[in-house]
Each structure stands twice: as C-alpha cells, then as structure tokens.
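The following paragraphs lead the reader through one structure, beginning with its vocabulary and moving from the bound ligands to individual residues and the backbone. Please keep the model in view while reading.

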Amino acid sequence: MRVLAFETSCDETSASVVESPFRVLSNVTKTQEEHREFGGVVPEVASRAHMRLIWPITERALEKAGVELGSIDGIAFTYGPGLIGALLVGIVFGKTVAQVIGRDFIGINHLEGHLFSLFLSHPHLEPPVLYLLVSGGHTELVWMPEFFRYEVLGHTLDDAAGEAFDKVAKMLGLSYPGGPEIDRLAKTGDPDFHRFPRARVGGFDFSFSGVKTSVLYYLRDNDADFARRHLADIAASFQEAVVDMLLSKTLKAAKKLHAEKVAVVGGVSLNSRLREKFKETLGKITRVYFPEPQYCGDNAAMIGAAALMRFERGERSPLTLSADPDLRLL
Ligand code: KG4
Ligand code: ZN
C-alpha cells in the first residue's frame with residue numbers, strides 16, 4: 001500500500017509518500033520562516049503560509065518519491081490537535097486530492113503520528129512500548145501495550161517541555177524556536193553552574209512553569225552583564241533541570257511497568273543532552289529508542305506511518321470529518 005500524507009497542524013508544512021511496511025519514499029518538510037520575527041507561531045500567518053506551500057511541497061514529495069498521483073492508494077492528513085486554521089488547510093487539501101484521484105482518506109491524530117515516528121526509524125520494533133512524547137505542545141508519558149491502544153500515564157500540568165525551552169530562550173535573548181538554540185549554547189556551558197528547581201509533582205505528571213519562573217527571577221536578580229557572560233552556563237543549567245525531570249518520571253514509569261522498550265519522540269527528543277542522559281541512565285535498565293532527526297519534529301511521514309496501519313485494518317474517515325484542535329490520544 002502507498003499513502004500520500006500531509007501534516008499542517010502548526011508551523012511545518014509537510015507532505016510525504018510512504019509505503020508499507022513503514023518505508024519512506026519521500027518526506028518534504030518546510031518550517032515556515034514567517035513566524036521568526038514574532039518570536040512564536042501566529043495562527044493566521046500559519047494558515048496562509050500552509051495554503052501557499054501545500055501544493056508545491058506535495059509536488060516535490062511526489063517528484064522525490066518518483067511516483068505519480070495516480071499510483072497513490074490512500075490519502076492521510078492530521079485532523080488534530082493543533083491550530084484550527086492550519087489543520088483545515090491540510091484537511092481540505094487532503095480530501096480534495098482524495099476526491100480527484102478517487103481514493104479513500106483517513107484523518108490521523110497528530111500525537112499518534114509522533115508515536116508512529118518511532119517505526120519509521122525502527123520498522124521491526126513492536127509494542128509494548130513506553131513512550132515519552134515531548135514537543136512544543138505536549139509532554140506525555142504513554143504506555144502502548146499493543147498497536148492503537150494507549151494509556152496516558154501522566155502529562156504536563158502547565159507548560160509543555162518544548163514550550164518551556166522556547167520561553168526561556170526568549171528570556172535569554174535567543175531566537176525562535178528556542179529549543180535548538182539552548183541545546184547548541186548549552187554545549188559550551190556548565191550544567192552545574194546553578195541548580196534550578198526540579199518540580200515535585202505526584203504520579204507521572206510533569207510541571208515546567210516553576211523552572212521557567214525560576215530562570216526569570218535568576219535573570220532579574222543578577223545584573224545583565226553577569227547573565228551575558230554566563231549565558232551558556234544558564235542555558236546548560238536550565239536544560240539540565242528539564243532533562244532531569246523528564247528522565248526521573250520516565251525512569252519511574254519504566255520500572256513500574258517493567259518496560260523493555262522506551263522511546264522518546266517529538267521535537268524535544270532532538271535534544272542532545274536528553275539523548276545522552278537517557279541512554280546513559282535509562283539504558284542501564286531498558287532499551288532506549290529515538291526516531292532519526294528528520295522524524296522527531298513535525299513531519300508528514302509519521303502521519304503516513306500511522307495511516308498505513310489504520311488503512312490496512314480497514315479504517316477510513318467520512319467526508320464529514322473536520323478539525324479537532326483539542327483532540328486527545330484516547
Ligand atoms: O514536535 P514539534 O516539532 O512540534 C510540536 O508538535 O510541538 O516540537 C517543537 C518543539 C519546539 O518547542 C522546539 O523548541 C523543540 O521542539 N525542540 C527542541 C530541540 N529541537 C526542537 N528542544 C530542545 N532541544 C532541541 N534540540
Ligand atoms: Zn508535533
């Protein structure tokens with residue numbers, strides 16, 4: 001089976017051609033530059049950019065895959081969660097292409113897409129898998145005992161991990177998106193320079209607003225010159241706190257569930273310190289997996305991966321399917 005998939009839930013416009021089982025023929029992703037000057041994603045700007053980009057990106061994806069539109073067996077797109085206007089562009093475009101070529105389509109949950117990104121890089125892996133899903137919008141610990149069965153063990157009570165990275169980066173005067181900037185800067189900093197607080201939340205939930213506020217106070221209480229001189233140290237110390245919090249809850253869940261496979265997915269799974277510490281610590285008690293970098297951030301190949309399996313189970317979406325900005329995993 002061959003699927004053409006679209007992802008337009010936030011500020012990445014992406015189209016991909018995937019074939020079963022989890023073979024990526026092309027995955028073309030454009031991160032919209034328009035939002036940089038605003039220091040965050042502007043929903044209306046995102047919708048307009050998706051409209052402008054979706055067709056050229058689709059043409060590139062087909063060209064790179066070396067296939068004609070007529071050879072596609074099914075269409076997939078993200079229908080939530082995300083920005084409603086941005087989602088609608090992918091939904092309307094996907095449905096239209098499906099109608100034109102006379103094929104079925106299926107709407108995919110963006111979060112399920114992130115979970116399936118794992119199988120693009122590790123196609124022979126099978127559930128049960130314990131996931132840490134860390135992105136700009138979500139931070140969740142998810143247990144997947146079998147394909148398409150999810151148990152959300154915990155989630156963030158306030159900011160998502162990526163959101164905290166982006167907000168702290170802004171405080172430090174770094175550009176958007178801040179996660180990669182902090183990661184880069186932290187490489188030359190001392191993670192033990194200052195101990196920012198690790199939130200003590202019960203169960204498997206997370207909280208990042210405390211560490212974020214603590215950075216704000218720290219910058220306020222020290223003069224600007226000190227902060228400038230120690231920018232890399234502050235970035236490294238903040239990053240260490242976030243990674244520690246993510247690691248301790250994942251470790252606790254892995255032990256409780258006796259998980260043999262743990263996967264970290266979503267944009268923040270690109271973080272080099274996170275990868276290092278997870279492999280080092282968690283790697284002692286379980287196998288730790290990450291998707292390849294091109295499948296960590298938002299991309300259409302992960303949507304295609306989930307769609308392939310859902311199509312093969314006989315699932316289809318009705319024409320009435322619309323955007324669900326607050327869609328959850330369960
Ligand atoms: O999965 P994603 O592309 O989009 C969402 O679904 O949200 O994740 C984007 C998030 C942003 O907050 C970005 O700053 C963060 O992932 N991110 C990183 C790194 N690369 C991207 N955070 C920390 N370290 C990185 N290297
Ligand atoms: Zn995402």
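Helices (H or I, at least four residues) and strands (E, at least two) are DSSP runs, numbered from the N terminus. By that scheme, His258 is found in the loop between H8 and strand S9 (261-265). This is a predicted model, in which local features need pLDDT of at least 70, side-chain atom pairs count only at pLDDT 80 or more, and totals for chains, interfaces and linings use all residues. Residues are numbered from 1 along each chain as its sequence is written, chains are lettered from A and ligands numbered from 1 in the order in which they are written, and side-chain values use heavy atoms, with hydrogens and water left out.

The account turns to ligand 1. It is surrounded by 20 residues, of which the closest are Gly136, Asp166, Asp183, Gly267 and Asn271; a residue is counted as near a molecule or strand if one of its heavy atoms lies within 4 Å of it. By class, this shell holds 6 nonpolar, 11 polar and 3 charged residues. Here Ala, Val, Leu, Ile, Met, Phe, Trp, Tyr, Cys and Pro count as nonpolar, Asp, Glu, Lys and Arg as charged, and the others, Gly among them, as polar.

Polar side-chain atoms approach ligand 1 from several residues. One belonging to Asp183 lies 2.9 Å from a nitrogen atom of ligand 1, and one belonging to Asn271 lies 3.0 Å from a nitrogen atom of the ligand. His114 places a polar side-chain atom 3.4 Å from an oxygen atom of ligand 1. A polar contact is a pair of N or O atoms within 3.5 Å; within protein, one must be able to donate a hydrogen and the other to accept it, and residues adjacent in sequence count only if both atoms are side-chain atoms. Taken alone, ligand 1 exposes 550 Å², and the protein buries 88% of that. Such accessible areas come from the Shrake-Rupley method with a 1.4 Å probe; for residues, only the protein chains shown count as cover. Helix H3 (110-121), helix H4 (161-171) and helix H5 (178-186) are the elements that give two or more residues to the shell around ligand 1.

His114 leads on to the metal site. Which protein atoms are donors of the zinc ion (ligand 2)? They are His110 (NE2), His114 (NE2) and Asp298 (OD), lying 2.0 to 2.1 Å from the ion. Donors are N, O and S atoms within 2.8 Å of the metal (3.2 Å for Na, K and Ca); water is not among the atoms, so sites may look incomplete. Along the chain, the donors follow the spacing H-x3-H-x183-D. His110 and His114 are separated by about one helical turn because they are 4 residues apart in helix H3. His110 counts as buried at 6% relative accessibility, and His114 counts as buried at 1%. Buried means under 20% relative accessible area, exposed over 50%, and partly exposed in between (1.4 Å probe, protein chains only).

The angles among the 4 donor atoms of the zinc ion run from 96 to 137 degrees, and the site is irregular. Four donors count as tetrahedral if all angles lie between 85 and 135 degrees; four count as square planar and six as octahedral if opposite donors are over 155 degrees apart and all others between 65 and 115; anything else is irregular.

Away from the ligands, Glu240 has its place in helix H8 (residues 231-257). Its relative accessibility is 6%, so Glu240 counts as buried. A polar contact of 2.8 Å joins the side chains of Glu240 and Arg273. Thr78 lies in strand S4 (residues 74-80) and, at 1% relative accessibility, counts as buried. Thr78 and Asn109 are 31 residues apart in sequence, yet their C-alpha atoms are 5.9 Å apart in space.

The backbone also deserves attention. The peptide bond from Ser20 to Pro21 is cis, with omega near -5 degrees, and Pro21 is found in the loop between strand S2 (12-19) and strand S3 (23-31). The bond from Gly80 to Pro81 is cis, with omega near -10 degrees; Pro81 is found in the loop between S4 and helix H2 (84-101).

Phe148, although not a glycine, has a positive phi of about 70 degrees. Phe148 lies in the loop between strand S7 (139-146) and strand S8 (149-155) and counts as buried at 12% relative accessibility. His258, although not a glycine, has a positive phi of about 50 degrees. Is His258 buried or exposed? With a relative accessible area of 68%, His258 is exposed.
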